[in-house]
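Biologist: I'd like to go through this structure and hear the reasoning behind the labels. Can you pull it up?

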Amino acid sequence: MRRKTQMLSLFILACFVALPAYAELQNIQVGGELRIRGNYWSNTFNSQTQPAFAGAGVRWPGNWLVGRPIGDIIGGQAITSYYDWSERGADYKVIEQRTILRIDADFTNQVAAHVELDSFDVWGEDFRSNWITGADARQNSAEDDVSLYQAYIEVDELFGLPLEARIGRQELVLAGGWLLGNNTCRPEFAGLSYDAIRLTYAGESYSISGFTAKLADAGIAEEDGDTDLMGLYASCSAVENVLFEAYWVWLRDAGMLNDTNLVWWAEGVENFLGLDDYDPTNLHTIALRASGTLGAFDFDANAAYQFGNADRAGFLFKPFLYGDNEAEYSAWAADAEIGYTFDIAWQPRAFLSGAYFDGEDNRDDVFATFFQLGRPESSVSFNRLFSDTLYSPVLDDIGQMSNFWTVKFGVDAHPMESIEAGLYASYFAALATFDLPVYIKLGQFRVPVAPGIPFWTTASDEELGWELGLWAAYHYSEDLTFRAGWTHFFTGSGLDTGNFVDFNGLAFNGGLDDADADYLYAETKLRF
């Protein structure tokens, strides 16, 4: 405890020292948040470990896919899946806790500092005693120790203008977090912050801001190997009760990519043939959003287009030795919701929403690569960047699903002033489906008819399934909230056979069976 207190003191002192000498400390406020959530998934994941690290099971071995540009980010040439959609094996259950401590300091001359420490823990990972022997040990804090989540300096009215500067580690949430958020709306709510600089100019009914963030620094290992995020954002509220937003986000990944490391003359041959020649990935996203209320109606609509070279993704598509060094992003995405609130008891709100994330699946384009007549053709879907939008706690539990469309309808209500409740139904379908090897099914096993002929295929079904959900929240006080919910997923045939919609379209979601899945959670959150 002494070590953590010393660290906290040093963080606060560092912020104070970094401020201009003419800014004097006025106020310090300390607050925080405790959030505890129990999650339970049945018939969903391969193992009872955390979904993001669950053991992926092989669905189609690589030797049955010879010459096909698979590009599975988990299994490489083999097709693997974190999902089993089966009653076999243990269900996954976990209790998570995130503890946040915030310190805000106000100075003269419109200067402020914000420091936020957090710890994301899973119950049962840090117990310090062995009950059999009675021997005690130190806490296992290798991965879940207290971290510096945010620490930035903020200066308002810079140079006497309505200009705000925020420098340091900070959250970046644009347009409701649809593509750039802080990862607090998903079951694993570990949070997301960026080492960034942001400038914002605010007018009476508009604001314009620009930011740059360092996502990864290669140091001296590479001359140009960093990953950077930059963007511009503008909003306008000139129309009463309506907000318009537009933004451009540029992600540049210059990490080194090599298919081979050959002698000089062989590298020269590769250069002549245009092989193993990857450029830094430049992913550009242009997006628009309109949201607001018109009488009893409310609406929220998003649209985005992505373009740029996709060498980082193309590198994965290696049917033999070389990947696709001409891969490109060219994809659309949209999300919209409209609701209507009835002016009667319980204030029920009915809503209809839908989403579309463009995708492609060229994994059946096998003739040229199988006969080694050309480069492989990659399959690049819309990349959801750092989305904080969750479309399903079963299919989209970490907000990374792409190459799909969905429609959702439901109703929310307030049975009491302190109680909210709702129910909804959603439908999911894949856009570009995967072509499986022609097979016959014997029980849970799929046996290929001709594993040596990879271009003899059969299409997977596009229907992923239906989802039915119920939830309720009890606001015990202004600071304490209890929340619980249940989701039942009616598994479609497109999950039994599987499609590449996971991990931004780079991972397979096929299982061993077509059992329906359930997700239940209970949560409490206290702000102080």
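Modeller: Here are some labels and the values behind them, and keep in mind that this is a predicted model.

Biologist: Why is Asn43 called buried?

Modeller: Its relative accessible area is 14%, and buried means under 20%, so Asn43 gets that label. Asn43 sits in the loop between strand E1 (25-42) and strand E2 (57-60). Among the residues Asn43 touches are Trp85, Glu87 and Ala517.

Biologist: What makes the Asn43 side chain and the backbone oxygen of Asp516 a polar contact?

Modeller: A polar atom of the Asn43 side chain lies 2.9 Å from that oxygen of Asp516. The cut-off is 3.5 Å, so the distance fits.

Biologist: And why is His114 buried rather than exposed?

Modeller: His114 has a relative accessible area of 9%. Buried means under 20% and exposed means over 50%, so His114 is buried. This histidine lies in strand E5 (residues 111-122), and its side chain makes a polar contact of 2.5 Å with the side chain of Asp104. Other contacts of His114 include Gln150, Ala151 and Tyr152.

Biologist: How do you know that Arg446 is buried?

Modeller: With a relative accessible area of 14%, Arg446 falls under the 20% limit, so buried is the right word. Arg446 is part of strand E20 (residues 445-448) and touches, among others, Trp60, Trp64 and Tyr439.

Biologist: Which backbone oxygens does the Arg446 side chain reach?

Modeller: One belongs to Asp496, at 2.5 Å from a polar atom of the Arg446 side chain. Another is that of Gly511, at 3.5 Å. A polar contact means within 3.5 Å, so the Gly511 distance sits right at the cut-off.

Biologist: What makes Cys185 and Cys236 partly exposed?

Modeller: Cys185 comes out at 48% and Cys236 at 29%. Partly exposed covers the range between buried, under 20%, and exposed, over 50%, so both cysteines land there.

Biologist: How many disulfides does the whole structure have?

Modeller: Zero turn up in the search. A disulfide would need a pair of cysteine sulfur atoms within 2.5 Å.

Biologist: How is the lining of the second largest pocket split by class?

Modeller: It has 14 nonpolar, nine polar and three charged residues. The pocket holds about 740 Å³ of space, and Ile73, Asn383, Leu385, Phe386 and Asn504 lie nearest its centre. Strand E11 (242-253), strand E12 (281-294) and helix H3 (311-314) each give two or more residues to the lining.

Note on methods. Residues are numbered from 1 along each chain as its sequence is written. This is a predicted model: local features need pLDDT of at least 70, side-chain atom pairs count only at pLDDT 80 or more; totals for chains, interfaces and linings use all residues. Side-chain values use heavy atoms; hydrogens and water are left out. On a 1 Å grid over the protein atoms alone, a cavity is a set of points where a 1.4 Å probe fits but cannot get out, and a pocket is an open set with protein on both sides within 12 Å along at least five of seven lines; lining residues have an atom within 4 Å of a point. Grid points are joined across faces, edges and corners, and a volume is the space filled by probe spheres set on the points. Helices (H or I, at least four residues) and strands (E, at least two) are DSSP runs, numbered from the N terminus. Ala, Val, Leu, Ile, Met, Phe, Trp, Tyr, Cys and Pro count as nonpolar, Asp, Glu, Lys and Arg as charged, and the others, Gly among them, as polar. Buried means under 20% relative accessible area, exposed over 50%, partly exposed in between (1.4 Å probe, protein chains only). A polar contact is a pair of N or O atoms within 3.5 Å; within protein, one must be able to donate a hydrogen and the other to accept it, and residues adjacent in sequence count only if both atoms are side-chain atoms. Contact means heavy atoms within 4.5 Å. Lists of a residue's contacts leave out its neighbours within four places in sequence.
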